Number of protein chains: 2
Amino acid sequence: MKQIPFYHTRLNGAFWGEKQRISKEVTVDAVYDRFAETKRFEALKCDAEQQAREGWHTHFFWDSDIAKWIEGAAYILERGRNDALEAKVDAIIDDMCANQMADGYYNCFFKIYDTEKRFTIRDRHELYCLGHLIEAAIAYRHATGKDKLLCMVERYVDYVIRVFTVEKTAKFMTPGHEEIELALVKLYRATGKQKYLELAKFFVDKRGANALDPDGYCGFATAHYAQDHLPVREMTTAEGHSVRAMYLYIAMADLALECGDEALFHACEAILKNVAHKRMYVTGGIGSSHIGEAFTVDYDLKNEPAYTETCATLALALFCQRMTKIKPMGWYADTAELAMYNGSISGVSMAGDEFFYENPLAIDLADHNKNPATKDKERYPITQRLKVFGCSCCPPNILRFINAIGDFMYTEDGDTLYVHHYMNGETEYEGKTIRQTTAYPSCGKVKLEVDGYKKLAVRVPGWCTAFEASAPYEVRDGYAYFDAVDVLDLDFHIQPRLVVSAPGVHDNAGRVALLYGPVVYCMEGVDNKDDIFALSIDPNTAFTLTPDEYFGMPRITADGYLKVDCGQLYTAINAVQYENRCLNFIPYYAMENRGETDMQVWIPLKA
Amino acid sequence: MKQIPFYHTRLNGAFWGEKQRISKEVTVDAVYDRFAETKRFEALKCDAEQQAREGWHTHFFWDSDIAKWIEGAAYILERGRNDALEAKVDAIIDDMCANQMADGYYNCFFKIYDTEKRFTIRDRHELYCLGHLIEAAIAYRHATGKDKLLCMVERYVDYVIRVFTVEKTAKFMTPGHEEIELALVKLYRATGKQKYLELAKFFVDKRGANALDPDGYCGFATAHYAQDHLPVREMTTAEGHSVRAMYLYIAMADLALECGDEALFHACEAILKNVAHKRMYVTGGIGSSHIGEAFTVDYDLKNEPAYTETCATLALALFCQRMTKIKPMGWYADTAELAMYNGSISGVSMAGDEFFYENPLAIDLADHNKNPATKDKERYPITQRLKVFGCSCCPPNILRFINAIGDFMYTEDGDTLYVHHYMNGETEYEGKTIRQTTAYPSCGKVKLEVDGYKKLAVRVPGWCTAFEASAPYEVRDGYAYFDAVDVLDLDFHIQPRLVVSAPGVHDNAGRVALLYGPVVYCMEGVDNKDDIFALSIDPNTAFTLTPDEYFGMPRITADGYLKVDCGQLYTAINAVQYENRCLNFIPYYAMENRGETDMQVWIPLKA
């Protein structure tokens, strides 16, 4: 199977076209400006004296923040060159390249701090930064033809190959934070140079299987934290720091595809199954615990403290997308879809300039700073998006994710076109054309017009219990297969639906969530005059939909109840009174955009 | 109103008689032996060199642990002298008295450590320790006639009066941990010396109203933590460290009674209302948060992390009991009853030798140590009772509480006898006799035979919706008033009942708790083969009761459902399947007595 890369497709308006417009008009500059204000670009001057004088300090992962921004900017440039934006990128790249060491090493932190500790501290993110630089370099060369950064990172990678696999002088064998592995596969694909694939395999194969990287890693965490608890082919569960984990699994899937490594593919599938069936919020969010930003155990999916970092959730979508390239199984793309439409894009404001790092499934303002005796000693996710973070990995990550979203749409297998995701857009690829006309996911109607393919395979979303097509088909593994059609009309019936959690998810006992297609809905205080946590829903409710331009999806109302406060804490069940209420829902991804307000995804059934 | 002190009553078997038997046969020695093992008695030798040599260290509140044990032992001695037990107490008292300083000061920590810091550190519990010594001294003199400890503490209190109110040389004005205030009222009552009442008033009146005790107290907490946020008569909510708070409120109620201080009484009533209507678990447990062991905000009553220290809950019962002495309002005693039968006695094992400090309302073993990436960094209450704690305040506190439980039973107002609580026992008091025959709370039938009173007022428990009496009565404020009866048969109908929380208790939305009279029930994994958190209850269930000797209360079964695991995390509501299950409940106070097991009080209704 071959993926049709996003830059062959132009998304026109609708859900993702609109997200890309905001991304181009607002986000790319907003992230740049905040990075400028926080000295991230000035840090590239590597002037320790200046920093001491001015009282600031390069952070050891700032290179990666900048690299992700470059990658996002490059994806925007794919849709149209822009001198001003390129000038900014070029200036950054000039500064970076000026600081590359004679031996090829580059890192704007180690250049001036802890220089003697180069490649001795496993958790200092040097190879993680390099991975993002590789992705940025490939993206920027593809968009502009400029290869200065690519030349620089290739020279650096050659140095890494020497240090890690020939001289073996590094104090660790595999990086503390994965990322370089998947970037090396990309670099191999971009350059055709086998050595990069070999290095990717080295880092993946040694993980969990070498004596140099000790258990009790970093003095903070166990080997699970760093996905170092097992050799990768023996892994069956998603473990540890959720972003690191996903970046590893993406690389594993990439290598499984490149190398035809079935054991690696089976490990990936077991892990993805573990995530999708036991360790994922209904929003596609992953990594329940702020402690270690980590996976915990099966079914540990508490709503209010849900960590579910934006980076982790979008990386889950990317992992699924890599799996889809190996084998078209509907549930891979179903899982990606939850992450795409919910827990990843909730990370950016509707206006495009503010960001969530954590994406909780409930915000109960009464619980925040709740202890006047010991204020601020309890930890809760923040309740409003910020313009930048100290650890600001998520903002540029969602930038690059949204602008490469077209990567999710199509793969081809010989003369069969696979349609995995529905987005309004036109594609030209190696002489073939695809036109997809749809308002998905606010409406389930999709028109496909293709030229150059004999067969079509379209994913039938797992949530869809009824659909119609203008031609006969056969369904296998979540895909409907069509023969010899050029024009196809599909209608995936979308109705609001209530879902229930598996019994193991103890926090959701007696509760339901409302979804519309792949989009999770939530109740916010701003739309519901009562305490939203005192509201419950009628399981047999009818729903009313109202189109809403701001949300890009309909608002939904349902029949519910307010438990009446009788003044007593505990009341006999037959004495409790309820009043009818209309419950107002909006898409979860749009939560907390209209001021600080209570928010809840899992709504109790009337008790 | 006059209280009839517990030592005029002999409890015969039944619920509390049995608790007292175990307390006498097991708990008093178990606590003593653990205290001996942990050097608490050896610390009274005040031999710093020995401690340095052996590598241990007196703790600054050990005097209070020992004092509470003495008080508990004294209450047992009220039921029958015991030379061996008295010899232990006498030896302790000899050691304590030998270490009293020339000026009257006594503290086994400050005697050898930080001696120059005497009365300079507000949170070092010197006056808290003295308070418990006062209570112990009064109790021991009453039980045995021996007054050595009482003489010692009186001399110490005289010194405190000089330092705090005459010379004013202490570095704080009111103690960081309340307790001395209520003890001073007791000392005033025991000796008739007005100066002790004055000192109690001094400490209570200055709280929240003096410049010497700063906000931001201890560098840890705000003034709320130490109930120093307002002058006491302006308080309307229960704030801060829950044990400290309760000890203050008890003293406030005592002073309101002694001084006829209506403003103080109204503050107490507002605070108690705040607790009973907004800040109390259904078990009578208080102090939701482990951060500061504190009250938080209204309705913040999460079940799994519930802190609800044993000491706080039993102190709430004592606060209610003090309020009842001022004004017979049924809801005071109802609140006490919840604390008495649930969250306080859950603090001691059925065998009497192991203790909970925290009393959570749910124990989900899957949640404990759940993060293999970062093991042990998450905080949960312990799941099995311990024999002793580093901070072992609760074990001797429950010892003294159970052995003075008779204090809750009766007050008299002229020729009216008030019966507040139902316990099987015989009372002789100033020539009058009362015999109460009952198996309460396993059965609601009570026979009262009295001699010496003209009128009877018996509390009708707030949970009781139907009762019968053998004589005509009139109900006011939760009490049934009877004229001219010597023998009275009462029958409070007890049926298992489901209760629902106020809408503000967000954690309990969609959930119910099962109570039988005042006794809260829970489900344990050991009695229910399925994952108890996947079980839900039928709101219209019938209940089956089975007498159980071990629990001293019936086991209860109800009709419920098990949510079937279909392998998917999220399922459409109409596709979820349930199987019928019989739900097994036991009294909450007996939780975790049969090995480590899942436990839950608030059960979801079927979703």
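Cys443(A) counts as partly exposed, at 27% relative accessibility. I start with the cysteines, and I should say at once that this is a predicted model. Cys443(A) is in no disulfide, and the nearest cysteine sulfur belongs to Cys464(A), 12 Å away. The reverse holds for Cys464(A): its nearest cysteine sulfur is that of Cys443(A), at 12 Å, and Cys464(A) is in no disulfide either. A disulfide here would need the two sulfur atoms within 2.5 Å. Cys464(A) has a relative accessible area of 11%, so it is buried. Over all chains the structure holds zero disulfides. For anyone who wants the chemistry spelled out, a disulfide is a covalent bond between the sulfur atoms of two cysteines.

Next, the fold of chain A. Its secondary structure comes to 13 helices and 23 strands. The C-alpha trace spans about 80 × 70 × 50 Å along its principal axes. For 607 residues, a compact globule would have a radius of gyration near 25 Å, and chain A, with 24 Å, agrees with that. Of those 607 residues, 64% are buried. Take the contacts in chain A between residues at least 6 apart in sequence: 70% of them join residues at least 24 apart.

One example of a link across the sequence is an aromatic pair. Which way do the rings of Phe15(A) and Tyr589(A) meet, stacked or edge-to-face? The structure holds 78 aromatic pairs over all chains. In this one, the ring centres are 5.5 Å apart and the planes stand at 85°, so the pair is edge-to-face. Phe15(A) sits in helix α1, residues 14–37, while Tyr589(A) sits in the loop between β21 (578–587) and β22 (599–600), so the pair ties together parts of chain A that are 574 residues apart in sequence. Phe15(A) is buried at 9% relative accessibility, and Tyr589(A) is buried at 0%. Both residues belong to one aromatic cluster, whose members also include Trp16(A), Tyr341(A), Tyr422(A) and Phe492(A).

While we are on rings, chain B has two places where a charge sits over one. The charged end of Arg476(B) is over the ring of Tyr481(B), 4.0 Å from the ring centre. The charged end of Lys606(B) is over the ring of Tyr561(B), 4.5 Å from the centre.

Now a helix in chain B. How many of the ten residues of α13 are buried? Helix α13 of chain B covers residues 394–403, and ten of its ten residues are buried. Among them are Cys394(B), Pro395(B), Pro396(B), Arg400(B) and Asn403(B). As a general point, an α-helix has 3.6 residues a turn, so residues three or four places apart point the same way. What covers the buried residues of α13(B) includes six other helices of chain B: α1 (14–37), α3 (62–77), α5 (126–144), α9 (242–259), α11 (310–326) and α12 (330–343).

Helix α3 of chain B gives us a residue to look at in detail, Ile70(B). Ile70(B) has 0% relative accessibility and so counts as buried. What does Ile70(B) contact, leaving aside its neighbours within four places in sequence? Its contacts there are Val89(B), Ile92(B), Ile93(B), Ala136(B), Tyr140(B) and Leu149(B). Gln20(B) lies 50 residues from Ile70(B) along the chain, and their C-alpha atoms are separated by 16 Å.

For a contrast in accessibility, go back to chain A and Asp147(A). Asp147(A) is in the loop between α5 (126–144) and α6 (148–166). Its relative accessible area is 37%, so Asp147(A) is partly exposed. From Asp147(A) to Arg34(A) it is 113 residues in sequence and 26 Å in space, C-alpha to C-alpha.

Last, how the two chains are arranged. A rotation of 180°, with 0.0 Å of shift along its axis, superposes chain B on chain A with an RMSD of 0.0 Å. The two copies are thus related as by a two-fold rotation axis. The same surface serves both copies, since 100% of the contact residues of chain B recur in chain A. Which residue of chain B comes closest to the rotation axis? That is Gly510(B), whose C-alpha is 2.9 Å from the axis.

Note on methods. Residues numbered from 1 in each chain as written. Chains lettered and ligands numbered in written order. Predicted model: local features only at pLDDT ≥ 70, side-chain atom pairs only at ≥ 80, totals over all residues. Heavy atoms only, no water. Least-squares fit on C-alpha atoms with pLDDT ≥ 70 in both. Contact = heavy atoms within 4.5 Å. Buried < 20%, exposed > 50% of the residue type's maximum accessible area, 1.4 Å probe, protein only. Phe/Tyr/Trp six-rings, centres within 6.5 Å; stacked < 30°, edge-to-face > 60°. Helix = DSSP H or I, 4+ residues; strand = E, 2+ residues; numbered from the N terminus. Lys NZ or Arg CZ within 6 Å of the ring centre and 35° of its normal. Rg over C-alpha atoms; globule rule 2.2 N^0.38 Å.
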